[in-house]
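Q: Please take a close look at one loop residue in this structure and explain, for a reader new to it, how its surroundings connect with the rest of the chain.

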Amino acid sequence: MAKYSSKINKIRTFALSLIFIGFIVMYGGIFFRTSPLIMTIFMLFGLLFIIASTVVYFWIGMLSTKSVHVKCPSCGKQTKMLGKVDMCMYCREPLTLDPKLEGKEFDETYNKKNRENK
Ligand SMILES: [Zn+2]
């Protein structure tokens with residue numbers, strides 16, 4: 001397994017795990033059936049996680065419109081990239097829009113530096 005994955009894929013995984021956490025928390029509330037207050041708190045927390053994941057999914061949609069469509073030089077597929085450096089969604093080939101970074105080892109900190117400068 002590669003250490004990095006495409007950013008969009010990563011956010012998607014994050015949103016999906018939020019839904020799972022939400023359901024697990026809600027399920028946990030069942031164990032406190034005897035106390036309606038605690039159960040309600042669990043249900044609300046679970047709901048909160050699910051709402052958060054919806055927000056994240058919405059965010060992915062926003063990001064997707066801003067992402068750059070590039071043809072991956074490695075596998076030839078059309079992929080989306082975010083920021084200066086990202087990975088191919090299909091073959092995890094590191095991609096960059098900045099010629100200065102071309103050939104350098106893939107490092108996500110390039111994006112962070114970029115963000116700090118803004
Ligand atoms: Zn590729």
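A: **A loop residue and its surroundings**

Leu82 sits in the loop that joins strand E2 (78-81) to strand E3 (85-87). Helices (H or I, at least four residues) and strands (E, at least two) are DSSP runs, numbered from the N terminus. The model is a predicted one, in which local features need pLDDT of at least 70 and side-chain atom pairs count only at pLDDT 80 or more, while totals for chains, interfaces and linings use all residues. Residue numbers start from 1 along each chain as its sequence is written.

Leu82 counts as partly exposed because it has 18 C-beta neighbours inside 10 Å. On this scale, a residue is buried if 20 or more other C-beta atoms lie within 10 Å of its own, exposed if 12 or fewer, and partly exposed in between, with C-beta atoms placed from the backbone. Residues up to four places away in sequence aside, Leu82 touches Lys7, Ile8, Leu63 and Ser67; contact requires that the C-beta atoms of two residues, placed from the backbone, lie within 7 Å. Lys7 is 75 residues from Leu82 in sequence, yet their C-alpha atoms are 6.9 Å apart.

Lys7 leads to helix H1, which covers residues 7-29. Its 23 residues reach 33 Å from first C-alpha to last, close to the 33 Å expected at 1.5 Å a residue, where the expected span is 1.5 Å times one less than the number of residues. Lys7, Leu18 and Gly22 are buried in H1, and the cover over the buried residues of this helix includes helix H2 (36-66) and E3.

H1 and H2 pack with their axes 7 Å apart, at an angle of about 165°. H1 is therefore roughly antiparallel to H2. Axes are lines fitted to C-alpha atoms, for helices over the stretch in contact, and angles run from 0 to 180 degrees between N-to-C directions; those under 35 degrees count as roughly parallel, over 145 as roughly antiparallel, 65 to 115 as roughly perpendicular and the rest as oblique. The crossing of H1 and H2 is left-handed, a term used if the near helix is turned anticlockwise from the far one by less than a right angle, with clockwise giving right-handed.

Phe42, in H2, illustrates this pairing. Its contacts beyond four places in sequence are Val25, Met26, Gly28, Gly29 and Phe32. The C-alpha atoms of Phe42 and Met26 are separated by 5.6 Å, with their positions 16 residues apart along the chain. Phe42 is partly exposed, since 19 other C-beta atoms lie within 10 Å.

An unreviewed UniProt entry annotates residues 12-32 and 38-60 as "transmembrane region"; its positions are given in the numbering used here, feature names are shortened, and annotations may be inferred rather than shown by experiment. In the model, residues 12-32 are 86% helix and 0% strand, with end C-alpha atoms 31 Å apart. Residues 38-60 are 100% helix and 0% strand, with end C-alpha atoms 33 Å apart.

Beyond E3, the loop leading to strand E4 (94-96) holds Arg92. Arg92 has a positive phi of about 60° although it is not a glycine. Most residues other than glycine have a negative phi.

The protein chain as a whole has 3 helices and 4 strands, in the order α-α-β-β-β-β-α. Of its 118 residues, 11% count as buried.
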